[in-house]
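Here is a set of short exercises for getting to know a protein model. Have a look at the picture, try each task, then read the solution.

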Amino acid sequence: MKIRDLVLCALFCALVAVGAFLRIPLPLIPFTMQTAFVMLAGLLLGSKKGAYACGAYVLLGLIGLPIFTQGGGIGYVLKPTFGYLIGFIIGAWVIGVIAGDKKPMPSYARMIGACSAGLFVIYFLGTVYYYLLATLYLNRVVAIWPMLVSCVLTTLPGDILLMFLSALLAGRLWAPLKK
């Protein structure tokens, strides 16, 4: 990997970390700007480097840096929101694959489609992880509809707005970053 690529990965790792603190507190899962930076990482860095940037963010948080929305450390794997962090890595990769890593700038529609697929991955993994943690580890009975409301429907409208803004911003930043 070139130094420029490492710097861009570090930059997006830092942006995802900062995005954790740009949030609107909600009862179970806070709404943050992280998904916007994850989508931008996938769109602008491509699949591998976008996933590396998000993976570095998760790794730094797990080794103890307080960069997650509720702190950091290895114990964070037992938090209900940890599945979303796993989703960031895979979601950035999916976005990069669909948007196209080495092609000319993808169309706005392709970027929206890529971000939609990435958001689906993030929400799917986050919700499944929450369900498994609640039922298998905490021995709680979890009703599907309330879980979907708290894990998906409360933050999805904001993330859809961020999806459109991320695609617009990626279109503006594409040429300068690809030079």
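## Exercise 1: A phenylalanine in a loop

F68 sits in the loop that links α3 to α4 (82-99). Before going on, keep in mind that this is a predicted model.

**Task.** Work out whether F68 is buried or exposed, and list what F68 touches beyond its sequence neighbours.

**Solution.**
- Step 1: look up the relative accessibility of F68, which is 1%.
- Step 2: compare that with the cut-off; buried means under 20% relative accessible area. F68 counts as buried because its value is 1%.
- Step 3: collect the contacts, skipping residues up to four places away in sequence. F68 touches A20, F21, Y57, V58, G61, L62, Y76 and L85.
- Step 4: check a distance along the way. V16 and F68 are 52 residues apart in sequence, and their C-alpha atoms are 9.3 Å apart in space.

## Exercise 2: One of its partners

**Task.** Take Y76 and find where Y76 lies, how accessible Y76 is and which residues Y76 touches.

**Solution.**
- Step 1: place the residue. Y76 is in the loop between α3 and α4.
- Step 2: read the accessibility. Y76 has a value of 3%, so this tyrosine counts as buried.
- Step 3: list the contacts, again leaving out residues up to four places away in sequence. Y76 touches L62, F68, T69, Q70, G71, T81, F82 and L85.
- Step 4: try a C-alpha distance. Y76 and I144 are 68 residues apart along the chain and 24 Å apart in space.

## Exercise 3: Two helices that cross

**Task.** Describe how helix α2 (residues 34-45) and helix α3 (residues 47-62) cross, and say which residues meet there.

**Solution.**
- Step 1: start with the axes. Those of α2 and α3 come within 6 Å and cross at roughly 145°.
- Step 2: add the hand. The crossing of α2 and α3 is right-handed.
- Step 3: name the residues. From α2 come Q34, V38, A41, G42 and L45, and they meet S47, K49, G50, A53, C54 and Y57 of α3.
- Step 4: sort the residues of this contact by type. They divide into 6 nonpolar, 4 polar and 1 charged.

## Exercise 4: A threonine in a helix

**Task.** Find the helix that holds T127, then say whether T127 is buried or exposed and what T127 touches.

**Solution.**
- Step 1: locate the residue. T127 belongs to helix α5 (residues 108-137).
- Step 2: judge the accessibility. T127 has a relative accessible area of 9%, so T127 is buried.
- Step 3: gather the contacts, not counting residues up to four places away in sequence. T127 touches Y84, M147, L148, C151 and V152.

## Exercise 5: Out in the loops

**Task.** Sort N139, V141 and T154 into buried, partly exposed or exposed.

**Solution.**
- Step 1: begin with N139, in the loop between α5 and α6 (144-153). Its relative accessible area is 65%, so N139 is exposed. Look at the backbone too: phi of N139 is near 55°, a positive value in a residue other than glycine.
- Step 2: move to V141, found in the loop between α5 and α6. V141 counts as exposed because its relative accessibility is 86%. V141 and Y131 are 10 residues apart in sequence, with their C-alpha atoms 9.2 Å apart in space.
- Step 3: finish with T154, in the loop between α6 and α7 (156-178). Its relative accessible area is 39%, so T154 is partly exposed. Setting aside neighbours within four places in sequence, T154 is in contact with L26 and V149. From T154 to K103, 51 residues apart along the chain, the C-alpha atoms are separated by 35 Å.

## Exercise 6: Stepping back

**Task.** Now describe the whole protein: how many helices and strands are there, and in which pattern do they follow along the sequence?

**Solution.**
- Step 1: count the elements. There are 7 helices and 2 strands.
- Step 2: read along the sequence, which gives α-β-β-α-α-α-α-α-α.
- Step 3: test how compact the protein is. The radius of gyration is 16 Å, close to the 16 Å that the globule rule gives for 179 residues, so the protein is as compact as a globular protein of that length.
- Step 4: add the extent. The C-alpha trace spans about 50 × 35 × 25 Å along its principal axes.
- Step 5: look at burial and surface. Of the 179 residues, 46% count as buried. The protein exposes about 9,100 Å², and carbon and sulfur atoms supply 75% of that area.
- Step 6: end with the contacts. Among those between residues at least 6 apart in sequence, 70% join residues at least 24 apart.

Conventions: Residues are numbered from 1 along each chain as its sequence is written. This is a predicted model: local features need pLDDT of at least 70, side-chain atom pairs count only at pLDDT 80 or more; totals for chains, interfaces and linings use all residues. Side-chain values use heavy atoms; hydrogens and water are left out. Helices (H or I, at least four residues) and strands (E, at least two) are DSSP runs, numbered from the N terminus. The radius of gyration is taken over C-alpha atoms; the globule rule is 2.2 Å times the number of residues to the power 0.38. Buried means under 20% relative accessible area, exposed over 50%, partly exposed in between (1.4 Å probe, protein chains only). Contact means heavy atoms within 4.5 Å. Accessible areas come from the Shrake-Rupley method with a 1.4 Å probe; for residues, only the protein chains shown count as cover. Axes are lines fitted to C-alpha atoms, for helices over the stretch in contact, and angles run from 0 to 180 degrees between N-to-C directions. A crossing is left-handed if the near helix is turned anticlockwise from the far one by less than a right angle, and right-handed if clockwise. Ala, Val, Leu, Ile, Met, Phe, Trp, Tyr, Cys and Pro count as nonpolar, Asp, Glu, Lys and Arg as charged, and the others, Gly among them, as polar.
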